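User: I would like to go through this structure with you and ask, for each label that is used, what justifies it. Please set the value against the cut-off each time before you conclude.

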Amino acid sequence: MIPFFTGDALRRAVSPERALEAVREGFVAFARGEWTMPPKVYVPAYPAGDFRAMPALGGGHALLKWVTSFPGNPAQGLPTVTGLVLVSDASNGMLRAALDAAAVTTLRTGAAAVLAAETLGRPDAESASVIGVGVNGIAVARTLAARGRRPLLWDVDPGRAEAAAAEVGGEAAATREEALAADVVLTVTPGREVLFPEGSLRPGQHVSLMGADGAGNAEIAARELARVRVFCDDWEQASHGGEVAQCVELGLLGRDDVTELGDVLTGEAPGREADDEITAFDSTGLAIQDLAIALAALESAPDDLPQIPV
Ligand SMILES: NC(=O)c1ccc[n+]([C@@H]2O[C@H](COP(=O)([O-])OP(=O)(O)OC[C@H]3O[C@@H](n4cnc5c(N)ncnc54)[C@H](O)[C@@H]3O)[C@@H](O)[C@H]2O)c1
């Protein structure tokens, strides 16, 4: 029998603050080569959606996240993202646990967005905003609140921003411009609209660009990203999909222009170097982040978890 972490059980086992620390440790272990991660595999089932297989190895365990993106699902009352995370013992291959993939994703996405903002934003940054407060945006807002901030929230659907503000202890922004002007801005939209056109970011700002991860989608104009200090979660993934990829295709950014977050966390590479620098973090979402959350969950598994016979 192995335990199954439903979304609720996972959220009881791993707080947003614990998730942030676990994800920090995951990025560090990956940067040091102690954890490894083969590239994620896309299995297209277009036009309906696609499946993604995301493996990782580390901390004595191996993980596989089997997760979907079916954008038309909400219209049928189904979630866009669903799937399972499987965790095995790396010494003998035995399955140890299964977890709800959507819940793992929200926890680790909130953790990475805020970890990057805390690492790369100005130490005296006061205001923090989240643009796009759907399933993952609200997790980002919850993580900011857990770190003692009162996030400013904006969504094209004003009702969502109001509801999210009430839920996490934030504030709905009066205008999009107000949210975009915060010292740190964390964006979690589908990337169908560019939020930052060329020349829009001001000196000292930090942006964590979490949303756009499909071909043709972007939250920032390529020339605006190329104008600022650029960080990513993993060069291999970021140069093939996401905000950095559009700059690579246009010849605006190359490997030496982009720093991985893990290298900043280990001290291998510099992070922000001046108060007036503009920093941007491009997140594509890594299996090592999922592994970090799964290991944290195993550490504090409640006794009453449902069991699956394997
Ligand atoms: N980087 C990562 O690790 C990671 C992890 C999870 C999801 N994502 C990506 O983040 C995006 C959002 O995912 P989700 O699951 O939260 O989706 P979702 O559909 O639940 O939420 C998206 C939200 O963005 C809002 N929105 C749409 N366009 C907007 C705009 N122009 N300005 C402001 N708000 C806008 C929508 O109203 C909605 O509330 C997707 O593209 C997804 O692929 C990235």
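The exchange below turns to the ligand, a cavity, one peptide bond and several single residues.

Analyst: Before we begin, please keep in mind that this is a predicted model, and that the values I quote are computed from it.

User: Which residues are closest to the ligand, and how many surround it?

Analyst: The ligand is surrounded by 23 residues, and the closest are Asn-136, Asp-155, Arg-160, Glu-193 and Ser-283. By class, this shell consists of 11 polar, seven nonpolar and five charged residues.

User: What makes the approach of Glu-193 to the ligand a polar contact?

Analyst: A side-chain N or O atom of Glu-193 is 2.6 Å from a nitrogen atom of the ligand, and a polar contact is a pair of N or O atoms within 3.5 Å, so the pair qualifies. The side chain of Arg-108 also places an N or O atom 2.9 Å from a ligand oxygen atom, which therefore satisfies the cut-off of 3.5 Å too. In the case of Gly-134 a backbone N or O atom is involved, at 3.4 Å from an oxygen atom of the ligand, and this pair is likewise within 3.5 Å.

User: How much of the ligand does the protein bury, and which elements give two or more residues to the shell?

Analyst: The ligand taken alone exposes 860 Å², of which the protein buries 83%. The elements that contribute two or more residues to the shell are helix H3, spanning 101–120, and helix H4, spanning 135–146.

User: Why is Thr-109 called buried?

Analyst: Thr-109, which lies in helix H3, has a relative accessible area of 9%, and because buried means under 20%, the label follows. The side chain of Thr-109 is also joined to that of Arg-108 by a polar contact of 3.3 Å.

User: Why is Ala-102 called partly exposed?

Analyst: Ala-102 is likewise placed in helix H3, but its relative accessible area is 21%; since buried requires under 20% and exposed requires over 50%, Ala-102 falls in between and is therefore partly exposed.

User: What makes Gly-148 exposed?

Analyst: Gly-148 sits in the loop between H4 and strand E8 (152–154), and its relative accessible area of 69% is over the 50% that defines exposed, so the term applies.

User: Is Leu-63 buried or exposed, and what shows it?

Analyst: Leu-63, in strand E4, has 3% relative accessibility, and because this value is under 20%, Leu-63 counts as buried.

User: How do you know which bond is cis, and where is the proline located?

Analyst: The peptide bond from Tyr-46 to Pro-47 has omega near 10 degrees and is cis. Most peptide bonds are trans. Pro-47 belongs to the loop between strand E2 (41–45) and strand E3 (49–58).

User: How many cavities of 30 Å³ or more does a search of the whole structure find, and what lines the largest?

Analyst: The search finds one cavity of 30 Å³ or more, and the space in the largest cavity is about 30 Å³. Its lining is formed by Phe-27, Phe-30, Ala-31, Asp-233, Glu-260 and Gly-262, and helix H2 (residues 16–31) gives the most, with three residues.

User: Why does the lining count one polar residue?

Analyst: The lining divides into three nonpolar, one polar and two charged residues; because Gly is counted among the polar residues, Gly-262 is the polar one.

Terms used
Residues numbered from 1 in each chain as written. Predicted model: local features only at pLDDT ≥ 70, side-chain atom pairs only at ≥ 80, totals over all residues. Heavy atoms only, no water. Near = heavy atom within 4 Å. Polar contact = N/O pair within 3.5 Å; in protein donor to acceptor, adjacent residues only side chain to side chain. Areas by Shrake-Rupley, 256 points an atom, 1.4 Å probe, with all protein chains shown as cover. Helix = DSSP H or I, 4+ residues; strand = E, 2+ residues; numbered from the N terminus. 1 Å grid on protein atoms, 1.4 Å probe; cavity = no way out; pocket = protein on both sides within 12 Å on 5 of 7 lines; lining within 4 Å. Points joined across faces, edges and corners; volume = space filled by probe spheres on them. Buried < 20%, exposed > 50% of the residue type's maximum accessible area, 1.4 Å probe, protein only.
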